[in-house]
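This briefing sets out the principal structural features of a single protein chain. The sequence and the coordinates are shown first, and the notes that follow are grouped by topic.

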Amino acid sequence: MESARRGIKSVKRLSRTAGIVSALTVGASLLAAPSASAEDTPSSRQLLEACDWADLCEFHPQSYSTYTGPNHQVGSTAFNCASQTGQHRIDWSDTTSSTNSLGVSIGVSAKFWEVYEASVEATYKHDWTVSHTDTESDTVNIPPGFKGWLERGTAMQQATGWYEIHFPDRYYGHYVWYIHDYQSSGAAGDRHDLGYVNHKDAPMTPDERAAHC
């Protein structure tokens with residue numbers, strides 16, 4: 001890393017609403033005007049997409065954490081119109097897609113995601129995929145006149161860090177760009193202890209009873 005930074009004579013950091021981006025000019029001074037327009041600096045999205053053809057695109061992890069995602073319903077709602085408690089089977093499938101702090105779409109073939117995934121897995125020893133799907137069937141007991149459903153909290157993981165991108169020629173006037181404070185979140189498929197599926201029920205409303213009974 002040190003050898004890649006020799007010959008750097010000046011540094012200028014530029015901040016953007018979509019993320020913090022900085023550039024290094026090799027072999028020349030950076031003398032951008034204080035009122036430089038947006039066209040003078042590439043967006044974070046442009047830099048991530050440029051990973052496909054840049055000389056070097058690396059992700060440097062800085063932190064990793066796991067947590068339980070917000071609760072949400074999985075599967076359909078079952079209605080018990082009988083006069084006794086009944087068992088109802090609810091089949092469900094729940095897909096969790098990876099997201100990032102820049103709002104850039106993540107594709108399995110995107111170079112910036114490939115280097116992120118490889119770096120995070122190597123550093124923290126946790127598998128990470130663009131999209132993770134869980135499929136199950138659960139049987140719930142629903143009291144008479146009630147509706148029942150399943151509520152799930154997904155096991156999640158999150159990693160932060162920064163990208164370092166080198167270009168063969170000047171890109172927006174610079175050979176090296178950084179994207180700071182990058183963060184991605186996704187399903188933690190190997191942390192089942194963090195996830196849950198709960199049975200919920202409630203009395204049917206008059207409209208629900210009229211529609212389903």
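For residues 25–37, where pLDDT stays under 50, how many contacts beyond four places in sequence does the model have? The model has 20 such contacts for residues 25–37. This is a predicted model, and the chain averages a pLDDT of 85. The chain contains four helices and 11 strands, and 40% of its 213 residues count as buried.

**Confidence**

- A pLDDT of at least 70 is reached by 82% of the residues.
- Among the elements of the chain, strand β1 (residues 8–16) has the lowest mean pLDDT, 32, whereas β8 has the highest, 98.
- The pLDDT is also below 50 over residues 1–20; this stretch has 45 contacts in the model beyond near neighbours in sequence.

**Overall organisation**

- Of the contacts between residues at least 6 apart in sequence, 78% join residues at least 24 apart.
- One pair distant in sequence is L47 and Y163: 116 residues separate them along the chain, while their C-alpha atoms are 9.3 Å apart in space.
- L47 is located in helix α2 and is buried, with a relative accessibility of 0%.

**Nonpolar cores**

- The largest nonpolar core comprises 27 residues, and those with the most contacts inside it are F112, Y116, Y163, I165 and Y182.
- At least two residues of this core come from each of α2 (44–50), β3 (56–68), α3 (111–124), β9 (155–171) and β10 (174–187).
- Beyond four places in sequence, the contacts of Y182 include F112, Y116 and Y163. Further contacts of Y182 include L48, F59, L102 and I106.
- A second core, separate from the largest one, has seven residues, among them A78, I90, W92 and V140.

**Helix α3**

- Helix α3 has 14 residues and spans 20 Å from its first C-alpha to its last, close to the 20 Å expected at 1.5 Å a residue.
- Its buried residues are F112, W113, V115, Y116, S119 and V120.
- These buried residues lie on the same side of α3 because they cover an arc of only 165° around the axis.
- The elements against which the buried residues of α3 pack are α2, β3, β6 (99–100), β9 and β10.

**Polar contacts of two buried residues**

- K147 belongs to strand β8 (residues 146–153). With a relative accessible area of 16%, K147 falls under the 20% limit and therefore counts as buried.
- The side chain of K147 makes a polar contact of 2.9 Å with the side chain of E208.
- Leaving aside neighbours within four places in sequence, K147 is in contact with T77, A78, F79, I142, K200, D201, A202, P203, M204 and E208.
- T160 is placed in strand β9. Its relative accessibility of 17% is likewise under 20%, so T160 counts as buried.
- The side chains of T160 and S63 are joined by a polar contact of 2.3 Å.
- Not counting residues up to four places away in sequence, T160 touches F59, H60, P61, Q62, S63, Y182 and Q183.

**Backbone conformation**

- Most residues other than glycine have a negative phi.
- K125, which is not a glycine, has a positive phi of about 60°. This residue follows α3 and lies in the loop between α3 and β7 (131–142).
- K125 is exposed, with a relative accessibility of 64%.
- Y172 is not a glycine either, and its phi is positive at about 55°. The loop between β9 and β10 contains Y172.
- Y172 counts as partly exposed because its relative accessibility of 32% lies between the 20% limit for buried and the 50% limit for exposed residues.

Technical notes. Residues numbered from 1 in each chain as written. Predicted model: local features only at pLDDT ≥ 70, side-chain atom pairs only at ≥ 80, totals over all residues. Heavy atoms only, no water. Buried < 20%, exposed > 50% of the residue type's maximum accessible area, 1.4 Å probe, protein only. Polar contact = N/O pair within 3.5 Å; in protein donor to acceptor, adjacent residues only side chain to side chain. Contact = heavy atoms within 4.5 Å. Core = buried A, V, L, I, M, F, W, Y, C linked by side-chain atoms within 4.5 Å. Expected span 1.5 Å × (residues − 1). Arc of directions from axis to C-beta. pLDDT = per-residue confidence, 0-100.
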